[in-house]
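Colleague: I am new to this structure and would like to learn how to read it. Could we take the features in turn?

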Amino acid sequence: MLGAWTPEQVRDAEQRLFARVPEPAVMRRAAWGVATETARLLRESTGGVAGRRVALLVGAGNNGGDALWAGAFLRRRGIGVTAVLLSPDKAHSAGLAGLRRAGGRAVLADGPNPDTSGIGAEAADALERADAVIDGIVGLSARGALRPVAAELVHRVEAPIVAVDLPSGVDPVTGAVDGPAVSADLTVTFGGLKPCHVLGAGAVRSGSVEVVDIGLDDELPEPELRLLEAADVGAGWPVPGPDDDKYSTGVVGVAAGSATYPGAAVLATGAAVQATAGMVRYAGPAADAVRGRWPETVATGSVGDAGRVQAWAVGPGIGTGASGREVLAHVLESGRPVCADADSITLLAADEALWDSRDPDAPLVLTPHAGEFARLVGAEPGADRVAAAREVAARFDVHLLLKGNTTVIAAPDGRVLVNDARHAWPATAGSGDVLTGLIGALLAAGVDPLLACGQAAHVHSLAAEVAAHGAKADGSAAVSGAPIGASALLAAVPAAIRTVRDSAAELTRPGDVVAPGR
Ligand SMILES: NC(=O)C1=CN([C@@H]2O[C@H](COP(=O)(O)OP(=O)(O)OC[C@H]3O[C@@H](n4cnc5c(N)ncnc54)[C@H](OP(=O)(O)O)[C@@H]3O)[C@@H](O)[C@H]2O)[C@@H](O)CC1
Ligand SMILES: [K+]
């Protein structure tokens, strides 16, 4: 499992580290990492290192200091380095001296001979000729979008960009972008990921992210966010053991769909059928359609007749009228873990008394998109989706899975898991019904609700990716994806589960431990 730490957590840890290791030594270690990764990128993109040109965009703080020191190290490898200074009076003086000693040069961003956009001729020339650009404009102390001169410089860059710590212009805490910002090919960060590397626009603009060890590990507290990797998801996925039967692996109840709209029922039930080996009971007016598509399901007409289940998945397509309310109330009273989606959320938002039906000891998962979230609490989540999800999870004592390109999952005790899909293939009608079925099945199998949501979100986005990429007409693997419907996503769920389970198995193969470098 990966972690991500806030700037505040990193700064506190940094102060503890400085008690043992002098600050300049830490900065040089960070800069060494930036230089190493930049040289690697140059080798990959140009076929060599010596004789190439690198431009540094240098802001007012230590982020610029890192860039200047990285430039000094690159200069010693035979690379031509020009620093473009955005705030010459505040540029990191030791870094600047180090660059000059190594034979690098520094020019002003806005002169001499500025063009109509205010960019100096030397700065413009350095950017035009660069084989790679290092973004040291701003790091952990960033506030808001890029300022005009920085924005104009970044706009002109055509070479690959290596961001120091984070892409400038991205909010370090939320990953939000509300104006010009760097889009990096590679981000080199220090000690651990920051939230902006995994949330929203920041995740996309970070490009690939390399974490450089600067000795901070021992000083970092519990991370603000956690991310499940494929191997974590695979390791915890419930599969039947030798002593299991259809009951012991969890019986999930699905209350979804209507006679007029059976699709939600078929999708949610199908997801539950494919997620685990346990039994799936369907309860609702779409029983015939469900039986027809998933004959292994035990289908009945109402939740009252459903029989015993270990967890419920409820909501998609049940409607927001009296019958939907009755279904939801029954499920909430059952004392079983519940994943409530779609119409369930609308019902809960509109009717405070429904909350009273809930068994307070049974975990409740809500899976709103931004609109349903607004219905629930009166306002959309805003830029800080982690804070919003955490607050609502605590307020309602629920596990809240906030849908979006980055899925944020908050437990009532404040723990947060993030699933950064980095693609939007699941954004299709009916896709949420599949997610609900997956979560319900994992809850029935006894998986902790936070983990169940994280596992389901991961497999759901992977299944969408698998389905979208499929194969080309000639049967070969496709690099580009094609739009998919929820049925295709659902059909790819077993492949996604096999993939994450293989990731877990690879990690535990004894040969991997004793064969370094493989
Ligand atoms: N933590 C660690 O372990 C280590 C950290 N290290 C490094 O230190 C970095 C943090 O450095 P830092 O604190 O000096 O601030 P930093 O981010 O460079 O900002 C500087 C100034 O920029 C300005 N500014 C603000 N917003 C802006 C905007 N949108 N667009 C343009 N400018 C903007 C604002 O100044 P102002 O112009 O407002 O006076 C602000 O004060 C960190 O990211 C990492 O790279 C490593 O060296 C080693 C170990
Ligand atoms: K930066």
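Colleague: How far apart do the end C-alpha atoms of residues 10-222 lie, and what percentage of the span is helix and what percentage strand?

Modeller: Note before anything else that this is a predicted model. For residues 10-222, the two end C-alpha atoms are 11 Å apart, and the span is 38% helix and 16% strand. UniProt, in an unreviewed entry, lists these residues as "domain: YjeF N-terminal".

Colleague: Which residues does UniProt give for "domain: YjeF C-terminal"?

Modeller: That feature, also from an unreviewed entry, is placed by UniProt at residues 229-500. Helix makes up 44% of this span and strand 13%, with 9 Å between the end C-alpha atoms.

Colleague: Let us go on to sheets. What is the order of the strands in the open sheet of seven?

Modeller: A sheet is read from one edge to the other, strand by strand. Here the order is E4-E3-E2-E5-E6-E7-E8, and the pairing is parallel. Strand E4 (105-108) and strand E8 (208-212) are the edge strands, and each of them pairs on one side only. On average, neighbouring strands of this sheet are turned by 20° against each other, direction ignored.

Colleague: How many bridges join strand E3 to E4?

Modeller: Four bridges join E3 (residues 80-85) to E4, and the two strands run parallel. To follow one of these bridges, start at Ala 83, whose bridge partner in E4 is Ala 106.

Colleague: Which strands does helix H5 lie across?

Modeller: Helix H5 (residues 121-129) lies across strand E2 (53-58), E3, E4 and strand E5 (132-136). Its direction is at about 125° to that of E4.

Colleague: What is the strand order in the open sheet of eleven strands?

Modeller: Read it in the same way, edge to edge. The order is E1-E9-E18-E17-E16-E15-E14-E13-E10-E11-E12, and the pairing is mixed. The edges are strand E1 (2-4) and strand E12 (298-300); each has a single partner strand, so one side of each is left without a neighbour in the sheet. Neighbouring strands of this sheet are turned by 20° against each other on average, direction ignored.

Colleague: How do E1 and strand E9 run, parallel or antiparallel?

Modeller: E1 and E9 (residues 225-227) run antiparallel, joined by three bridges. Leu 2 has Leu 227 of E9 as its bridge partner. Helix H11 (residues 322-333) packs on this sheet, where it touches strand E10 (252-255), strand E13 (311-314) and strand E14 (338-340). The direction of H11 makes about 160° with that of E13.

Colleague: Now a pair of helices. At roughly what angle do the axes of helix H12 and helix H14 cross?

Modeller: For two helices, look at how close the axes come and at what angle they cross. The axes of H12 (residues 343-350) and H14 (residues 370-377) come within 8 Å and cross at roughly 20°. Angles under 35 degrees count as roughly parallel, which makes H12 roughly parallel to H14. The contact is made by Ile 345, Thr 346, Leu 348 and Ala 349 of H12 together with Glu 372, Arg 375 and Leu 376 of H14. H12 passes H14 in a left-handed crossing.

Colleague: Which residues does UniProt list for "binding site"?

Modeller: An annotation can join residues from separate parts of a chain. The unreviewed UniProt entry lists Lys 403, Gly 404, Asn 405, Thr 406, Thr 407 and Gly 432. They are spread over 30 residues of sequence but cluster in space, the largest C-alpha distance being 14.3 Å.

Colleague: Is Lys 403 buried or exposed?

Modeller: Count the C-beta atoms around a residue; 20 or more others within 10 Å make it buried. Lys 403 has 21 and is therefore buried. This residue is found in the loop between strand E16 (399-402) and strand E17 (406-410). Leaving aside neighbours within four places in sequence, Lys 403 is in contact with Thr 367, Pro 368, His 369 and Gly 432.

Colleague: Where is Gly 432 found?

Modeller: Gly 432 is in helix H16 (residues 431-444). It is buried because 24 other C-beta atoms lie within 10 Å. Beyond four places in sequence, the contacts of Gly 432 include Pro 316, Asp 341 and Lys 403.

Colleague: Why is Val 434 counted as buried?

Modeller: Val 434 is buried because 31 other C-beta atoms lie within 10 Å. Val 434 also lies in helix H16. Among the residues it touches, not counting those up to four places away in sequence, are Leu 267, His 460 and Leu 490.

Terms used: Residues numbered from 1 in each chain as written. Chains lettered and ligands numbered in written order. Predicted model: local features only at pLDDT ≥ 70, side-chain atom pairs only at ≥ 80, totals over all residues. UniProt positions renumbered as here; feature names shortened; annotations may be inferred. Pairing = 2+ DSSP bridges. Axes fitted to C-alpha atoms, helices over the stretch in contact; angles between N-to-C directions. Contact = placed C-beta atoms within 7 Å. Buried ≥ 20, exposed ≤ 12 C-beta atoms within 10 Å, placed from the backbone. Parallel < 35°, antiparallel > 145°, perpendicular 65-115°, else oblique. Left-handed = near helix turned anticlockwise from the far one by under 90°.
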